[in-house]
Amino acid sequence: MANVINLDRVSKAYPDSALLESVSLGLDEADRVGVVGLNGAGKTTLLRLLAAADEPDSGRVTHRRDLRVATLPQQLDLPPNATVRDVVIGAAWLPAGFDAEHEWAGDAAVRTVLDGLGLDRLGLDSTVGPMSGGERRRVALAALLVRASDVLVLDEPTNHLDLAGVRWLADHLVRHRGALVVVTHDRWFLDAVCTSTWEVGGGTVRAYEGGYAAWVLARAERERVAAATEARRQNLLRKEIAWLRRGPPARTSKPKFRIDAANALIADVPPARDTVTLHKLATARLGKQVYELSDVSLSYGKPILSTVDWLVGPGDRIGLLGANGSGKSTLLRVLAGTVKPDRGTVRVGSTVRPAFLSQELGELPLGARVLEAVEEIARRVVLGKREISAAQLAEEFGFTDRRLWTVVGDLSGGERRRLQLLRLLAAEPNVLLLDEPTNDLDIDTLAALEDLLDSWPGTLVVASHDRYLLERVCDRMIGMFGDGHLRDLPGGVDEYLSLLTPVTSTSNAAARPTKSDSRAAQKEMARLEKVVDRLTRREEKLHAQLAEHATDYEKVAALDQELRDVRAEREAAEEAWLLAAE
């Protein structure tokens, strides 16, 4: 595979920070790269450099000749008077190299993309100006996806997509021909789409093979090694100081540091959530009743809730699943008491102390400093069995000493969302009602939030399109399908998605393999296993030969190319094995 974009010792700085320092990277024509890192670390800057939308301060960014790079930026500049048809089919806003109008304008592929991104309800003749930010973003994304491109550079493409939209986009990008670079905080999406990960932070970009799960393991191992190295360094310093004080040291043998990385990581894995204990704690804090909805109905032009009977008990951890506009936020507001039903009763337990996280940020004191905004709620907080100060709670959410004194009005959107969350927790509620809690949060903050929620002894109701969060912190899923009813989903997110695209019994019968099909698939699997085994052994030999000829540049180049070919062949064989297994 050939490189299509190269960064050679690239640096980029702004008046308040240096984001990238002497970064060298290469993007191959079939790479699928997920870009991760803290908010403000330089992810968007890296994307702009890759797309040649920004010039580096030093170093060089080179593109293959006639390279077509399609970019979805965070900030869109669409003509307000343009229609969906103008943007998606005409797409005069796209850079040179993309035709304005195509003979395939009426092609079914355009309709497939519009339907997949939920734009079929808008219509091709709707004007862009009055649309919401999320709708405009999906229209721009559709314009990119209906065209052939060599490189797709997408900044937060899953924002404003529901669970079905995220799954459709993942499936579409897996089939996309060409390179992909995507910044997203959706960890399920990273694992579903990406085959490598770039971690941006501290002025550098570290490259890892695999998606989110592989990156987490590699990062944990890197930090373990760094901690061990620092411990050895500190130990050497202590010995050196002791030698200076005592004179020549006694002759001692140096301890050898031997540890199997995988076993060390597995051994350090914290225990799973103790659901039974948390239920007992929640019952002690809440009693037996939390919420009871009886014959509740509510409509805003269309039915949101229709004669709903629903019980929420102590220690319940419920995820609300549904498309945008299905009523998830309204149901949370009914539970929080800020919206009254048209009919029916909502009984709330006498000991319930709810905290409602809305999608808006209006309740934050913009003139206060971060620490003052937290201490306005409480100076000391009990989380589980720990009592911590407001400053310690803020630190758990990424507000270091320097950031504690920042004025709230000067915080980024992600930082304000973090502050909103920790103010809720500082009030020590026993019921959390969270509406899209992961909006604008970086991956590290998401992990910290999930860690807190995982051990939180109360009732939890979460409305979210973040599949990773839902499956991590919730024990029960409730579906809202726009018909005013609540549906229990024992099969979780998978059951919800299958209900959106039901398969008839006839098509099931047609899709069921015959015995001869199964036998043929088993034979193919056995053959592919031998192929994978042979290619794996060949890879090992090539690695050994690369080490042996490390000083011979021409030999190394030839071996490296052969290794790439063998690896691609092995990956293709593994994918074929998976298809046969299915």
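**A loop aspartate, a parallel sheet and some enclosed helices**

Asp316 sits in the loop that links strand 11 (303-312) to strand 12 (317-322). The model is a predicted one, and this loop makes a handy place to start reading it. Although Asp316 belongs to a loop, it counts as buried, because its relative accessibility is 18% and the cut-off for buried is under 20%. The side chain of Asp316 also has a polar partner: one of its polar atoms lies 2.7 Å from the backbone nitrogen of Gly313.

Going back along the chain from that loop, strand 11 pairs with strand 10 (residues 291-299). The two run antiparallel and are joined by 6 bridges, with Val296 standing opposite Val308 of strand 11. Together they make a hairpin with 3 residues between the strands. Within this hairpin, Gly301 takes a positive phi near 80°.

As for the chain as a whole, it has 582 residues, of which 45% count as buried. Its secondary structure comes to 19 helices and 20 strands. Take the contacts with a sequence separation of 6 or more: 70% of them are between residues 24 or more positions apart. The exposed surface comes to about 30500 Å², and carbon and sulfur atoms supply 51% of that.

Parallel pairing turns up around strand 6 (residues 151-155). On one side, strand 6 pairs with strand 5 (residues 69-72) over 4 bridges in the parallel sense, and here Val69 stands opposite Val151. Strand 6 also pairs in the parallel sense with strand 7 (residues 179-183), over 5 bridges, and in this pairing Leu154 is opposite Val182. To get from strand 6 to strand 7, the chain passes through helix 5 (residues 163-175), and the resulting β-α-β crossover is right-handed.

How many residues of strand 6 are buried? The count is 5 of 5, so to speak a mostly covered strand. In a regular strand, side chains alternate between the two faces of the sheet. For strand 6, Val151, Val153 and Asp155 are on one side, with Leu152 and Leu154 on the other, and both faces are covered.

Helix 5, the connecting element in that crossover, has the length one would hope for. Its 13 residues should span 18 Å at 1.5 Å a residue, and the end C-alpha atoms are 19 Å apart, which agrees. At the start of helix 5, a side-chain oxygen of Asp162 comes to within 3.3 Å of the backbone nitrogen of Ala164. The buried residues in helix 5 include Leu163, Gly165, Val166, Trp168 and Leu169.

Some of those helix 5 residues reappear next to helix 3 (residues 108-116), where Gly116 is found. Gly116 is buried, with a relative accessible area of 15%. Leaving out residues up to four places away in sequence, Gly116 touches Gly165 and Trp168. Its C-alpha atom is separated by 9.1 Å from that of Val166, which is 50 residues away along the chain.

Helix 13 (residues 413-426) also keeps to its expected span: its 14 residues reach 20 Å from the first C-alpha to the last, close to the 20 Å expected. Helix 13 is largely enclosed by the rest of the structure, because 12 of its 14 residues are buried. Among the buried ones are Leu419, Leu421, Leu422, Leu424 and Leu425, but charged residues are on the list as well, including Glu415, Arg417, Arg418 and Arg423. Just after helix 13, Glu428 takes a positive phi of about 50°.

Which residues does Arg423 contact beyond its neighbours within four places in sequence? They are Glu363, Leu364, Pro365, Ala373, Val374, Glu376 and Ile377. With a relative accessibility of 12%, Arg423 counts as buried.

A further buried arginine is Arg570, in helix 19 (residues 553-581), with a relative accessibility of 15%. Not counting residues up to four places away in sequence, Arg570 touches Val532, Leu535, Thr536 and Glu539. Leu528 is 42 residues from Arg570 in sequence, yet the two are 9.4 Å apart, C-alpha to C-alpha.

Key: Residues numbered from 1 in each chain as written. Heavy atoms only, no water. Expected span 1.5 Å × (residues − 1). Buried < 20%, exposed > 50% of the residue type's maximum accessible area, 1.4 Å probe, protein only. Contact = heavy atoms within 4.5 Å. Areas by Shrake-Rupley, 256 points an atom, 1.4 Å probe, with all protein chains shown as cover. Polar contact = N/O pair within 3.5 Å; in protein donor to acceptor, adjacent residues only side chain to side chain. Pairing = 2+ DSSP bridges. Right-handed = clockwise from strand over helix to strand, strands pointing away.
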